[in-house]
Amino acid sequence: MITILVKDLRQRAKDSTLIVFAIVLPLGMAFILNAVLGGAGGEFKARYAVADADRGAGNAGFAGQVLEPMRESGVVTLRPVATAEEGRALAQRGEVEAVFVIPANFSADARAGRPATLEIIGSVAAPVAVQVAREVGQSYAAGLRSVQLAVVAASPTGTAPGGEEAARLAERAGALPMPLSLREDASAVRRQLDITTYYSAGMAMFFLFFAVVFSISSIFDERRAGTLTRMLAAPISRPAIVLGKLLSGVLVGIVSMAILIVVSTLVIGARWGDPLGVAALVVAAVLAATGLMTALATFARTAEQASNWQSVVAMVLGIFGGVFFPSAQLGGLTALGYLTPHKWFMQGLADLAGGGSLQAVAVPVAALLGFAVLGGALALVRVGRMVHA
């Protein structure tokens, strides 16, 4: 078995196709997806311009109540401009994502119930930042509208009062705390992978199933070349032949995953988590991929047929396992993800992202080893057909 293992490792080291599938493609896909979609999962930042003709309102106006707190929190940067046309030019040049145009007497008109319009000019190149600006404006308008309705409800006549009475009631209504507020709990455990780690791990797991296939398909290659017949004629048991070849696939998978983890960490900043937990997940995932792909190969008659079946199964498992996109987007089919090793691998990494260690991935590792045992047991049962010359 050791002799077969060493011989296969030497062959695999010279196989450029294996290197492409095991290292080049997963790294390349992770780089591309991170570059294209990296901003979708990162921290939101936006550059806004403000044409504020309502400066007389001071801190009581839209700019003071809404935009300044956003700037102080670091979510946005604000750039004052004199006119809406100046802000529009900045948006067209891509120097800001959106422009808030606040007309004169905007706050006074809004508090008095008179028509008031807040204009937002957005850049077509920044749809997310523009949508956020629009939601901020609509939220502010909804708050003003709720104050107006409260004033009307408090009036004995059921109509909007005027003069000082309207201002007094509006001030009281505006001072009331919101019935519902949102806040971020810094003490909560966040078990979620950042976008860079998500795609690095997803591509590594997806191409792992293709990497282990090369060692399995070598059985068919040796049967076709006639060398398998000579091994069967020697005093070597059939399980020893299969195990020697599968061990080469396991070692290739572990080495390729280790390279992907190191490179993605150093080059694109992926954060995999606790090393011991990651190591346990990687070993269990490699065993699961090897067991399942070997079991599938035992039903094929030729190397080409085995490769085709394995490619289809690897793609289906990757889709339902959530390596290309979060499995929650599958809707009612989300539960099928737990029937794939990919889902458990990604789940284990998410648990490590919450600050967990080896103990935190006990369930995902056990699930992955379950796939390995089931696939390996089926492969050993059918090993006679697989190596039949």
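**Note on the predicted model**

1. Leu330 touches Ile319, Phe320 and Phe325, not counting residues up to four places away in sequence. Leu330 itself lies in the loop that connects helix H12 (303–321) with helix H13 (341–353). From Leu330 to Ile319, 11 residues apart in sequence, the C-alpha to C-alpha separation is 9.3 Å.

2. The coordinates under discussion are a predicted model, and confidence should be stated at the outset. Mean pLDDT for the protein is 78, with 74% of the residues at 70 or more. Among the elements, the highest mean pLDDT, 91, belongs to helix H4 (residues 84–92), while helix H7 (residues 163–175) has the lowest, 57. Statements that concern helix H7 should be read with that value of 57 in view.

3. As to overall composition, the protein has 15 helices and 4 strands. Of its 389 residues, 42% are buried. The exposed surface of the protein comes to about 20,300 Å², and 63% of that area is supplied by carbon and sulfur atoms. Among contacts with a separation of 6 or more, 76% are between residues 24 or more positions apart.

4. Strand E3 (residues 98–102) deserves a separate point. It is largely enclosed by the rest of the structure, because 5 of its 5 residues are buried. In a regular strand, side chains alternate between the two faces of the sheet. In E3, Ala98, Phe100 and Ile102 point one way, and Val99 and Val101 point the other way. Residues of both sets are buried.

5. The pairing of E3 involves two other strands. Strand E1 (residues 46–52) runs parallel to E3 and is joined to it by 5 bridges; in this pairing Asp52 stands opposite Ile102 of E3. Strand E4 (residues 119–122) runs antiparallel to E3, with 4 bridges between them; here Val99 stands opposite Ile121 of E4. Ile102 and Val99, each named in one of these pairings, point in opposite ways from E3.

6. Beyond E4, Ser123 occupies the loop between that strand and helix H6 (127–154). Is Ser123 buried or exposed? The relative accessibility of Ser123 is 11%, so the residue counts as buried, the limit for that class being under 20%. Leaving out residues up to four places away in sequence, Ser123 touches Ala91, Val96, Glu97 and Val130. Of these, Ala91 falls within the range of helix H4 (residues 84–92), and Val130 within that of helix H6 (127–154).

7. Helix H3 (residues 62–72) has Phe62, Ala63, Gly64, Val66, Leu67 and Met70 as its buried residues. Gly74, which follows H3, has a positive phi, near 85°. This glycine is placed in the loop between H3 and strand E2 (76–80). Its relative accessibility is 30%, and Gly74 therefore counts as partly exposed. The C-alpha atoms of Gly74 and Lys45 are separated by 7.9 Å, although the two residues are 29 apart along the chain.

8. A further loop position is Asp274, between H10 and helix H11 (275–297). With a relative accessible area of 23%, Asp274 is partly exposed. Which residues are in contact with Asp274, leaving aside its neighbours within four places in sequence? They are Leu352, Gly356, Ser357 and Leu358. In the case of Leu352, 78 residues from Asp274 along the chain, the C-alpha atoms are 6.4 Å apart. Leu352 falls within the range of helix H13 (341–353).

9. Finally, internal voids. The count of cavities of 30 Å³ or more comes to 1, and the volume of the largest cavity is about 40 Å³. Its lining consists of Pro26, Leu27, Ala30, Ser200, Met203, Ala204, Leu260 and Ser264. At least two residues of this lining come from each of helix H2 (16–37), helix H8 (195–225) and helix H10 (238–267). H10 is also the helix that precedes the loop holding Asp274.

Note on methods. Residues are numbered from 1 along each chain as its sequence is written. This is a predicted model: local features need pLDDT of at least 70, side-chain atom pairs count only at pLDDT 80 or more; totals for chains, interfaces and linings use all residues. Side-chain values use heavy atoms; hydrogens and water are left out. Buried means under 20% relative accessible area, exposed over 50%, partly exposed in between (1.4 Å probe, protein chains only). pLDDT is the predictor's confidence in each residue, from 0 to 100. Contact means heavy atoms within 4.5 Å. Accessible areas come from the Shrake-Rupley method with a 1.4 Å probe; for residues, only the protein chains shown count as cover. Two strands pair if DSSP finds at least two bridges between them. On a 1 Å grid over the protein atoms alone, a cavity is a set of points where a 1.4 Å probe fits but cannot get out, and a pocket is an open set with protein on both sides within 12 Å along at least five of seven lines; lining residues have an atom within 4 Å of a point. Grid points are joined across faces, edges and corners, and a volume is the space filled by probe spheres set on the points.
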